[in-house]
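Student: I should like to take a close look at the charged side chains of this model and at the partners they meet. Could you please guide me through them in a connected account?

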Amino acid sequence: MPLTRISLRRGTSEAYRHAILDGVYHALRETFDVPEDDRFMTISEHDKADFSYGAHYLGIARSDNLVIIQLTVSNTRSVEQKKTLYRRIAERLTENPGVRPEDIFINLVEVAPENWSFGHGIAQYAVSECDGGLRPSA
């Protein structure tokens with residue numbers, strides 16, 4: 001955990017997309033104590049007809065370079081950690097690959113720890129002593 005889904009307009013370079021993935025991943029590691037190699041991320045590119053957004057919602061002037069980041073995480077972080085994450089993602093993506101802060105849209109979806117299965121059909125974060133093991137930290 002977390003699961004990261006990123007959407008943007010079609011036509012960016014592979015290096016640009018990798019910089020976004022790396023920037024978000026490192027911001028998560030810095031602010032949410034995400035373990036090394038806990039990296040489950042996708043980027044989807046969309047044609048203009050399939051990418052709609054409020055260009056001036058809340059007084060923020062967005063462009064067609066908008067990057068929509070949706071993070072699904074366990075509901076274990078404080079409001080301050082979330083604010084720090086948003087700020088750090090914006091700083092990192094502004095540095096590299098040069099995304100304008102106005103074009104960084106972040107949505108955080110929180111789920112209970114038992115709502116994850118990382119393989120083998122096991123809810124790894126819901127394992128109890130009755131199941132033969134201790135619950136790992138989420």
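Tutor:

**Charged side chains and their partners**

The side chains of E110 and K82 make a polar contact at 2.9 Å. The model in which this pair appears is a predicted one. E110 is located in strand β4, which covers residues 104-111. Leaving aside residues up to four places away in sequence, E110 touches V73, N75, R77 and K82. The C-alpha atoms of E110 and T72 are 5.8 Å apart in space, although 38 residues separate the two in sequence. Is E110 buried, partly exposed or exposed? With a relative accessible area of 36%, E110 is partly exposed, because the class of partly exposed residues lies between the limits of 20% and 50%.

We may now turn to salt bridges. How many does a search of the whole structure find? The search finds 11 salt bridges. One joins the side chains of R10 and D47, with an N to O distance of 2.8 Å. R10 belongs to the loop between β1 (3-9) and α1 (14-32), and D47 to the loop between β2 (40-46) and β3 (67-74), so this salt bridge ties together parts that lie 37 residues apart in sequence. R10 counts as partly exposed, at 48% relative accessibility. D47 counts as partly exposed as well, at 39%.

A further salt bridge is formed by the side chains of R17 and E45, at 3.6 Å from N to O. This pair also links distant parts of the chain, since R17 is in helix α1 and E45 is in strand β2, 28 residues apart. R17 has a relative accessibility of 21% and counts as partly exposed. For E45 the relative accessible area is 22%, and E45 is likewise partly exposed. Both residues escape the label "buried" because that label requires a value under 20%.

The next pair lies within a single helix. K83 forms a salt bridge with E80, and their closest N and O atoms are 3.8 Å apart. This pair qualifies because a salt bridge requires the nitrogen to be within 4 Å of the carboxyl oxygen. Both K83 and E80 are in helix α2 (residues 79-95), where three residues, or about one turn of the helix, separate them. K83 counts as partly exposed, with 45% relative accessibility.

Which residues are joined into one network by salt bridges that share partners? They are E30, R88, E91 and R92.

Notes:
Residues numbered from 1 in each chain as written. Predicted model: local features only at pLDDT ≥ 70, side-chain atom pairs only at ≥ 80, totals over all residues. Heavy atoms only, no water. Helix = DSSP H or I, 4+ residues; strand = E, 2+ residues; numbered from the N terminus. Buried < 20%, exposed > 50% of the residue type's maximum accessible area, 1.4 Å probe, protein only. Contact = heavy atoms within 4.5 Å. Polar contact = N/O pair within 3.5 Å; in protein donor to acceptor, adjacent residues only side chain to side chain.
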